[in-house]
Amino acid sequence: MKKFYITTPIYYVNARPHIGHAYTTIACDTMARRQRMLGADTFFLTGTDEYGVHVERAAIAAGRPPEQWTDEVSAAFRQLWDRLGITYDDFIRTTSERHKRGVQALWSKIRDNGFIYKGHYSGHYCIYDELYVDSAGPGAPCPECGRPTETVQEENYFFRLSAFQEKLLRLYSEQPDFIRPETRRNEVVSFVRSGLRDLSISRSSFKWGVPVPGDPGHVVYVWLDALSNYVTALGYGSEDPSRFEKYWPADLHMIGKEIVRFHCVYWPAFLMAAGLPLPKSILAHGWLLFEENKMSKSRGNIVRAETILEVLGGDALRYFLLREIVFGQDGSFSFDALVQRYNADLANGIGNLASRTLTMITRYFHGEVPYPSPAAAHQTADDAIRKSANQAIAEYQSLFDQYQFSRALELAWSLVASVDKYIVENEPWVLGEEANEQSRARLATVLYTSAEALRIVTALVHPVIPQATRRIWTQFGLGNIGTFDLSSLKWGQLQLGTKLGKVEPVFPRADKSAVERMQTMEEEAPRAATAAEAPSQAKPSAGSHRTPAVPSPPSAVANHKISIDDFTKVEMRVGEVKVAERVQGADKLLRLEVDLGGEVRQVVAGIAEAYAPETLIGRKVVIVANLAPRKLRGLESNGMIVAASAEGGRPVLASFLEDVPLGARLK
RNA sequence: GGCGGUGUAGCUCAGGUGGUUAGAGCGACGGUCUCAUAAUCCGUAGGUCGUUGGUUCGAGUCCAACCGCCGCCA
């Protein structure tokens, strides 16, 4: 039996999951489902990347031990995948014991093979990005974040990456499909050609990581640690390597374009050094942009998958991402486009075709699939449908194998359209009114032909829209679509007399308010506010589908006393304004970047009428640090700046007369 | 700066090796049917194919320069 091992990247737990993560995971899930339907012994891995100084810092900022923080965020990822119906076979956490053992085994193997040595690094280092910066001059800005680097001199372990330059170049040329799409391959090749230097693979400046075997003062560099998950999850380095032996090497590592270098250069080099087989293929997709902009935490334009899930369902999100975006290129997400696709293709397309076809079979043939009458009732239009269906099966397969999801779906939907047209041209409802035998035979043929084409489309697109197709399959009376053998799919398998189930719509049409509902949910779900901008009237609670008809009761009651516990729930910290600028299109808002001592936050505050942005830079302010993020004018505000506001007067920022360290808590 | 990519209808995209009036889907507009989820189906409008110059009998398709956007350069 053919095996198929596919992986997502493991997601970094310094932020909550959003549709960017969902995009990668959905694409993998679709591939995995398809391979299973084709009969491959499939193993689908995802997980979370939990070590590194960023995570340590995020945990400290959240006032929690890193173990607790990573448990929470990792669980959030897992929960989202479960809600989206992701069929992962394993979920690896880099903080797990099995991973640690595997990483250490891999390290030892590479070391024993002579590719690790201890050396010194002196130069410039960005502690925020764990990045060595070689550009000249002390304090040179970090290319990632722009913060000044620190001059360091430290003892590290190094990986002899330079020894693999020729081998890697040979790999890329002998296996042109190793990296896809081609543009990424070109980048990697030119990178490697320009020369490889040895790679520092340990850190001693922080503790949150896998200890280096034999030298616990060092932890394993986060990328060596993270990449290893693809083998440690299979039991590499454990007592039971049977899964490793069965599934390794991976058939496909699916990744985002930002991590191409790690996967296409470092990872194969590590594996070569350890004497392990290399993955067969690495596929990089593009970024999901939100209305033309990169989705990022600091921009505050992140869209959560949950919102779409609640309003339109998981299939809608899956279909949109795979149909709308050319895989490999950047794609744009917007609620308008999502609803448009949903209505045009899902509700009016496959949903309506299923509804009309199955309803007519129910009505005219008492819910039993009629047999296409031979001879007299047979026409060339029927043949045309049969032919295009058979052709679609073959072409769909080939497009999917090339990861051309959008074109594969386009193809499937052109079959839907031609069946709709076929139905209109053959007017089965007219035939149904005529009581003669000839019309009856013709009706049977038309409905069989339509139903059979629908069945084929349903089977083809099941990996993409699993829930709806499962329901259509059931309505067809065909049982469990999950066990259907896709490799056998061909015209004519629909049996005479198949008893239909209850027919009901699978994709109810969405009206225009769906867009608004999703936007509102996104803006309100992460509830947070800046002092001066905080609306005094309570807004409807988030997470609910409907806007409540009755206004919410006033949230504050006069003279209400709170306990000390209530007060300590509010985490106020001292921060320094690093960046202040006006928010375009808003008179009152300023966008601030505030340094809380170890973490820089974006805060949007309604103080533009009271303070000129340039006067705020360098000023110490008080930030409510544990407010849920909130979006204002499309920007995410991660906290609230504390100000006194007299009735009708301008807000006045709280500040200190004495000097205070950044990050100090107010209590 | 070096290397690479990209720019085609309002939107998302097709357009091997240059060859009649540049295509599809969606959206918009008009019409039609009634089995179906105000769905389907038919029709209409919309593009100096980033700009300029060149090669050619002929260029969206080849070449050059320029403009815009993007990626990689540890």
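## Contacts with RNA strand B

A polar contact is a pair of N or O atoms within 3.5 Å. In this predicted model, Gln-340 offers a good place to start: one of its polar side-chain atoms sits 2.7 Å from a sugar or linking oxygen of RNA strand B. Glu-187 does something comparable in kind, with a polar side-chain atom 2.5 Å from a sugar or linking oxygen of RNA strand B. For Lys-421, the partner is a phosphate oxygen of RNA strand B, 3.0 Å from a polar side-chain atom of the lysine.

Stepping back, 35 residues surround RNA strand B, and those that come nearest are Glu-187, Gly-195, Arg-261, Asn-352 and Arg-356. Of the atoms of RNA strand B that come within 4 Å of the protein, sugar and phosphate make up 70%. Which helices each supply at least two residues of the surface near RNA strand B? They are α6, α10, α13 (335–365) and α15 (405–426). Helix α13 gives the largest share of that surface, with 11 residues.

## Helix α5 and its two sides

Helix α5 covers residues 165–174, and its buried residues are Gln-165, Leu-168, Leu-169, Leu-171 and Tyr-172. These lie on the same side of α5, because they cover an arc of only 155 degrees around the axis. Turn to the other side of α5 and you will find Glu-166, Ser-173 and Glu-174, which are exposed.

What do the buried residues of α5 pack against? Their partners are β8 (179–180), α6 (182–193) and α10 (260–274). Two of these elements, α6 and α10, are also among the helices that each supply at least two residues of the surface near RNA strand B.

## A three-stranded sheet

Strands β10, β12 and β11 make an open, antiparallel sheet, in the order β10-β12-β11. Its edge strands, each pairing on one side only, are β10 (202–203) and β11 (211–212).

The pairing of β11 with β12 (residues 215–220) is antiparallel and rests on two bridges. Within it, Val-212 has Asp-215 of β12 as its bridge partner.

## Strand β19 and its neighbours

Strand β19 (residues 590–595) is largely enclosed by the rest of the structure, because five of its six residues are buried. On one pairing, β19 meets strand β18 (residues 572–582) in the antiparallel sense over six bridges. There, Glu-576 stands opposite Asp-595 in β19.

Strand β19 is also joined by six bridges to β20 (residues 600–605), and this pair runs antiparallel. Arg-591 stands opposite Val-604 in β20. Strands β19 and β20 form a hairpin with four residues between them, and Gly-597 in the turn has a positive phi of about 75 degrees.

Arg-591 turns up again in a salt bridge: its side chain meets that of Glu-593 at 3.0 Å, N to O. Are these two buried or partly exposed? Arg-591 is buried, since its relative accessible area is 12%, and a residue counts as buried under 20%. Glu-593, with a relative accessible area of 24%, is partly exposed.

## Salt bridges across the chain

Side chains of opposite charge can pair when their charged atoms come close. The model has 30 salt bridges by the rule of a side-chain nitrogen of Lys or Arg within 4 Å of a carboxyl oxygen of Asp or Glu. One of them brings together the side chains of Asp-90 and Arg-243, at 2.8 Å, N to O. This pair links distant parts of the chain: Asp-90 belongs to strand β4 (residues 90–93), Arg-243 to helix α9 (residues 242–247), and the two are 153 residues apart. Asp-90 counts as buried because its relative accessibility is 12%, while Arg-243 is partly exposed, with a relative accessible area of 29%.

The side chains of Asp-383 and Arg-386 also meet in a salt bridge, at 2.9 Å, N to O. Both residues are in helix α14 (residues 380–401), and because they are three residues apart, about one helical turn separates them. Arg-386 counts as partly exposed, at 31% relative accessibility. Finally, a network of salt bridges links Lys-3, Asp-251 and Lys-280.

Terms used: Residues numbered from 1 in each chain as written. Chains lettered and ligands numbered in written order. Predicted model: local features only at pLDDT ≥ 70, side-chain atom pairs only at ≥ 80, totals over all residues. Heavy atoms only, no water. Buried < 20%, exposed > 50% of the residue type's maximum accessible area, 1.4 Å probe, protein only. Arc of directions from axis to C-beta. Contact = heavy atoms within 4.5 Å. Pairing = 2+ DSSP bridges. Near = heavy atom within 4 Å. Polar contact = N/O pair within 3.5 Å; in protein donor to acceptor, adjacent residues only side chain to side chain.
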